[in-house]
Amino acid sequence: MGLYVETVIDADMEVLWERTQDPARHQSWDLRFTSISHLPRVEGAPQHFRYATRLLPLLWIAGTGVSAGERQRSDGTRVSALRFASGHPLSLLAEGSGYWRYIPGPTGIRFLTGYDYRPRWGRCGAVADRLVFRPLMGWATAWSFDRLRLWCERGTHPRAALARALAESALRLALVLVALLASPVAPLALAAGTAVLAALLPPLSGTPAARRCRRRPPGRVRAPRLLAILESS
């Protein structure tokens, strides 16, 4: 898969499963989506859903998808897979697929995702995807995973986690501006050092951070069989 993100969440499997599989709970922590809703389902068939992302107050990018999950597996792990697509002309993402794995371990549940997609807009879209959109999607996925971890481990609601992140970012920006404005008075090295520290210091432990997630798989990764079944259905 083109993008990979992994974290370890010390929480009950049922709690993690619910907060990732229920649309209302999923949309509350995942920065990539503004809304997710299930469509009417036929008994025994995969679950179809609709998603949307708000780019501007009156501009929404919407799409649809289909998902399936394996909740009871002999090795104690769980997996879900999905296909998705957007026909919106402003959506760089045309279609794609991915999966989530839930792997119990001694220190928590390894929660990981692998996904890839096909960009539209031809060569220009491919360049924009490689330079901007794909790195942004990887960062947003990792940041969202850490926000989910804080919710499951500490009980920090996703809205509160976002507020903390915005407040901390505003404080760092203010420190950088103060350091730059003080440069005519304070020694240049001191002002520059303050600005660098404000920008590079690790986030507080209660603030979501993409850097806490693994962005490359530890070894060779295979997509689950469920994804191949879903794509061929």
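# A walk through the predicted model

The backbone oxygen of Leu201 lies 2.7 Å from a polar atom in the side chain of Arg172. This is a predicted model, and that contact is a good place to enter it. Arg172 sits in helix 4. With a relative accessible area of 18%, Arg172 is buried, because the cut-off for buried is under 20%.

Stay with helix 4 for a moment. Helix 4 covers residues 158-181. It gives six residues to the lining of the second largest pocket, the largest share from any element. Helix 3, residues 122-154, also supplies at least two residues of that lining. The second largest pocket holds about 300 Å³ of space. Its lining counts 16 residues. Nearest the centre are Trp139, Trp143, Ser169, Pro203 and Pro208. By class, the lining has 11 nonpolar residues, two polar ones and three charged ones.

Helix 3 leads on to the largest nonpolar core. That core has 19 residues. Leu16, Tyr102, Phe111, Phe145 and Leu148 touch the most other members. Several elements give two or more residues to this core: strand 1 (3-9), helix 1, strand 6, strand 7 (108-119) and helix 3. Helix 3 gives the most, with six residues. In soluble globular proteins, nonpolar side chains tend to be buried together.

Helix 1 comes next. It runs over residues 13-21. Its buried residues are Met13, Leu16, Trp17, Arg19 and Thr20. An α-helix has 3.6 residues a turn, so residues three or four places apart point the same way. Leu16, buried in helix 1, is one of the core residues that touch the most other members. What caps the N-terminal end of helix 1? Asp12 does, with a side-chain oxygen 2.9 Å from the backbone nitrogen of Glu14.

Now turn to the strands. Strand 3 and strand 4 form a hairpin, with two residues between them. The two run antiparallel and are joined by nine bridges. Within this pair, Phe49 stands opposite Gly65 in strand 4. Strand 4, residues 59-70, also runs antiparallel to strand 5, residues 78-85, and seven bridges join them. Here Thr64 has Ala85 of strand 5 as its bridge partner. Strand 5 then pairs with strand 6, residues 93-105, again in the antiparallel sense, over eight bridges. Ser80 has its bridge partner in strand 6, and that partner is Trp100. In a regular strand the side chains alternate between the two faces of the sheet.

Two residues in this region deserve a stop. Trp60 is placed in strand 4. Is Trp60 buried, exposed or partly exposed? Its relative accessibility is 36%, so Trp60 counts as partly exposed. Trp60 and Ser91 are 31 residues apart in sequence, and their C-alpha atoms are 9.7 Å apart in space.

The other stop is Asp75. Its place is in the loop between strand 4 and strand 5. Asp75 counts as exposed because its relative accessibility is 54%, and the cut-off for exposed is over 50%. The side chain of Asp75 makes a polar contact of 2.8 Å with the side chain of Thr77. Asp75 and Ile103 are 28 residues apart along the chain, yet 9.0 Å separates their C-alpha atoms.

The largest pocket closes the tour. It encloses about 1,100 Å³ of space. The pocket is lined by 44 residues, and those closest to its centre are His26, Phe33, Phe49, Tyr51 and Leu82. Which element gives the largest share of this lining? Strand 3, residues 47-56, does, with five residues. Phe49 has appeared before, opposite Gly65 in strand 4. The lining as a whole divides into 26 nonpolar, 13 polar and five charged residues.

How values were computed
Residues are numbered from 1 along each chain as its sequence is written. This is a predicted model: local features need pLDDT of at least 70, side-chain atom pairs count only at pLDDT 80 or more; totals for chains, interfaces and linings use all residues. Side-chain values use heavy atoms; hydrogens and water are left out. On a 1 Å grid over the protein atoms alone, a cavity is a set of points where a 1.4 Å probe fits but cannot get out, and a pocket is an open set with protein on both sides within 12 Å along at least five of seven lines; lining residues have an atom within 4 Å of a point. Grid points are joined across faces, edges and corners, and a volume is the space filled by probe spheres set on the points. Helices (H or I, at least four residues) and strands (E, at least two) are DSSP runs, numbered from the N terminus. Ala, Val, Leu, Ile, Met, Phe, Trp, Tyr, Cys and Pro count as nonpolar, Asp, Glu, Lys and Arg as charged, and the others, Gly among them, as polar. Two strands pair if DSSP finds at least two bridges between them. Buried means under 20% relative accessible area, exposed over 50%, partly exposed in between (1.4 Å probe, protein chains only). A polar contact is a pair of N or O atoms within 3.5 Å; within protein, one must be able to donate a hydrogen and the other to accept it, and residues adjacent in sequence count only if both atoms are side-chain atoms. A nonpolar core is a set of buried Ala, Val, Leu, Ile, Met, Phe, Trp, Tyr and Cys residues joined through side-chain atoms within 4.5 Å.
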